[in-house]
Amino acid sequence: KTVNTIAEKQTPKFAISKTSGTIEVGKTDTITITYNGDGEITANSSDTSVATVSLSNDKNTVTVTGKKAGTATITITAGEGTNYKAGGNKKPQKKG
């Protein structure tokens, strides 16, 4: 007999430590990422003149820097990996 199996990708755990906040101009704040998948993690700002982002080498922390007064949405994305589906997007809004 032949047994056919289908292994489906699991949905990973994907969470961030903050979902909104205010940051002063010239100051930094961090967002901790919890992700058990192996897909690519990316982070970006909707308005880099208001807030910029940098992702740590271990992909567990996003540092947000306030540049000027305004509103920017920070998007953190977990891509699809070998054993996991895409984790989706998380968007904490940062106000400068």
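**An all-strand chain and its contacts**

In this predicted model, the search for aromatic pairs returns a count of 1. The partners are Phe14 and Tyr35, whose rings meet edge-to-face, with 5.6 Å from centre to centre and 75° between the planes. Those two values are the natural ones to quote, since a pair of aromatic rings is described by the distance of the centres and the angle of the planes. The contact links distant parts of the chain: Phe14 sits in strand β1 and Tyr35 in strand β3, 21 residues apart. Both Phe14 and Tyr35 are buried.

A step back to the whole chain helps to place this pair. The protein chain contains 9 strands and 0 helices, so that reading along the sequence gives the pattern β-β-β-β-β-β-β-β-β. Of its 96 residues, 28% are buried. The accessible surface comes to about 6,000 Å², and carbon and sulfur atoms account for 43% of that surface. Contacts also reach far along the sequence: among those between residues at least 6 apart, 57% join residues at least 24 apart.

Strand β3, which spans residues 28-35, is a good place to look more closely. In a regular strand the side chains alternate between the two faces of the sheet. Here, the covered face of β3 carries Asp29, Ile31, Ile33 and Tyr35, while Thr28, Thr30, Thr32 and Thr34 make up the uncovered face. Tyr35 of the aromatic pair thus belongs to the covered face of β3.

Which strands are joined to β3 by bridges? One of them is β1 (residues 14-16), which runs antiparallel to β3 and is joined to it by 3 bridges. Within this pairing, Ile16 has Ile33 as its bridge partner. Another is β6 (residues 61-66), also antiparallel to β3, with 5 bridges between the two. There, Thr28 is partnered by Thr65.

Charged side chains add further links. Side chains of opposite charge can pair when their charged atoms come close. The whole structure holds 2 salt bridges. In one of them, the side chains of Asp29 and Lys18 meet at 2.5 Å, N to O. Because Asp29 lies in strand β3 and Lys18 in the loop between β1 and β2 (20-22), this salt bridge ties together parts that are 11 residues apart in sequence. Lys18 is partly exposed, at a relative accessible area of 26%. Asp29, for its part, is on the covered face of β3.

The side chains of Lys59 and Glu40 also form a salt bridge, at 3.2 Å, N to O. Lys59 is in the loop between β5 (51-55) and β6, and Glu40 is in the loop between β3 and β4 (41-45), so the pair ties together parts 19 residues apart in sequence. With a relative accessibility of 32%, Lys59 counts as partly exposed.

One further residue, Ala51, rounds off the picture. Ala51 is found in strand β5. Is Ala51 buried or exposed? Its relative accessibility is 1%, and because buried means under 20%, Ala51 counts as buried. Leaving aside residues up to four places away in sequence, Ala51 touches Ser45, Val64, Thr65, Lys67, Ala72 and Ile74. Thr65, in this list of contacts, is the bridge partner of Thr28 described above. Ala51 and Ile23, 28 residues apart in sequence, have their C-alpha atoms 8.8 Å apart in space.

Definitions and conventions. Residues are numbered from 1 along each chain as its sequence is written. This is a predicted model: local features need pLDDT of at least 70, side-chain atom pairs count only at pLDDT 80 or more; totals for chains, interfaces and linings use all residues. Side-chain values use heavy atoms; hydrogens and water are left out. Buried means under 20% relative accessible area, exposed over 50%, partly exposed in between (1.4 Å probe, protein chains only). Helices (H or I, at least four residues) and strands (E, at least two) are DSSP runs, numbered from the N terminus. Two strands pair if DSSP finds at least two bridges between them. Rings of Phe, Tyr and Trp (its six-membered ring) pair if their centres lie within 6.5 Å; planes under 30 degrees apart count as stacked, over 60 as edge-to-face and the rest as tilted. Contact means heavy atoms within 4.5 Å. Accessible areas come from the Shrake-Rupley method with a 1.4 Å probe; for residues, only the protein chains shown count as cover. A salt bridge is a side-chain nitrogen of Lys or Arg within 4 Å of a carboxyl oxygen of Asp or Glu.
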